[in-house]
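Subject: The structure we talked about

Hi,

Here is the structure I promised to pass on. Have a look at it first, then read my notes below.

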Amino acid sequence: VQIRRRQTKGVSIPIDSISREHAVLYIEHDEIHIEDCDSAYGTFLNGEQLMPHVRTTCNPGDLISFADITYDIC
């Protein structure tokens with residue numbers, strides 16, 4: 001699932017601090033992974049900025065942040 005500012009496929013967040021191609025969520029074999037797409041303001045997992053283009057595993061209760069927006073992984 002792509003996270004982006006523009007309204008196309010994926011999840012659109014119409015806020016200027018979200019990049020046009022911000023991050024990607026992967027759901028594979030009951031696991032969730034996130035990858036930052038070299039976004040301008042970064043993607044954060046539990047407060048730590050992710051390296052661009054590196055898939056990182058998310059666990060239940062983790063917090064994903066895009067700019068000043070935070071989501072809880074259930």
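Start with strand β1, residues 2-4: two bridges join β1 to β3, and the two strands run antiparallel. If you want a residue pair to look for, Gln-2 has Val-24 in β3 as its bridge partner.

Keep in mind that this is a predicted model, so check the confidence as you go along. The chain has a mean pLDDT of 85, with 86% of its residues at 70 or more. Confidence is lowest in strand β2 (residues 11-12), where the mean is 68. At the other end of the scale, strand β6 (residues 48-49) has the highest value, 96.

Now follow β3 onwards. Strand β3 covers residues 23-28 and strand β4 covers residues 31-36, and six bridges pair them in the antiparallel sense. One pair to click on is Leu-25 with its bridge partner Ile-34 in β4. How many residues sit between the strands of this hairpin? There are two, and in this hairpin His-29 takes a positive phi near 50 degrees.

β4 has another link to look at. Three bridges join β4 to strand β7 (residues 56-58), and these two also run antiparallel. Here you can find Ile-32 standing opposite Cys-58 in β7.

Next comes a sheet that is easy to trace by its strand order. This open sheet has four strands, in the order β6-β5-β8-β9, with antiparallel pairing. Which strands stand at the edges? They are β6 and β9 (69-72), and each has a single partner strand, so one side of each is left without a neighbour in the sheet.

Within that sheet, have a look at strand β8 (residues 63-66) as well. Four bridges join β8 to β9, and the two run antiparallel. For a pair to find on screen, try Ser-65, which stands opposite Thr-70 in β9.

As for what holds such pairs together, strands of a sheet pair through backbone hydrogen bonds, either parallel or antiparallel.

Cheers

Methods:
Residues numbered from 1 in each chain as written. Predicted model: local features only at pLDDT ≥ 70, side-chain atom pairs only at ≥ 80, totals over all residues. Heavy atoms only, no water. pLDDT = per-residue confidence, 0-100. Pairing = 2+ DSSP bridges.
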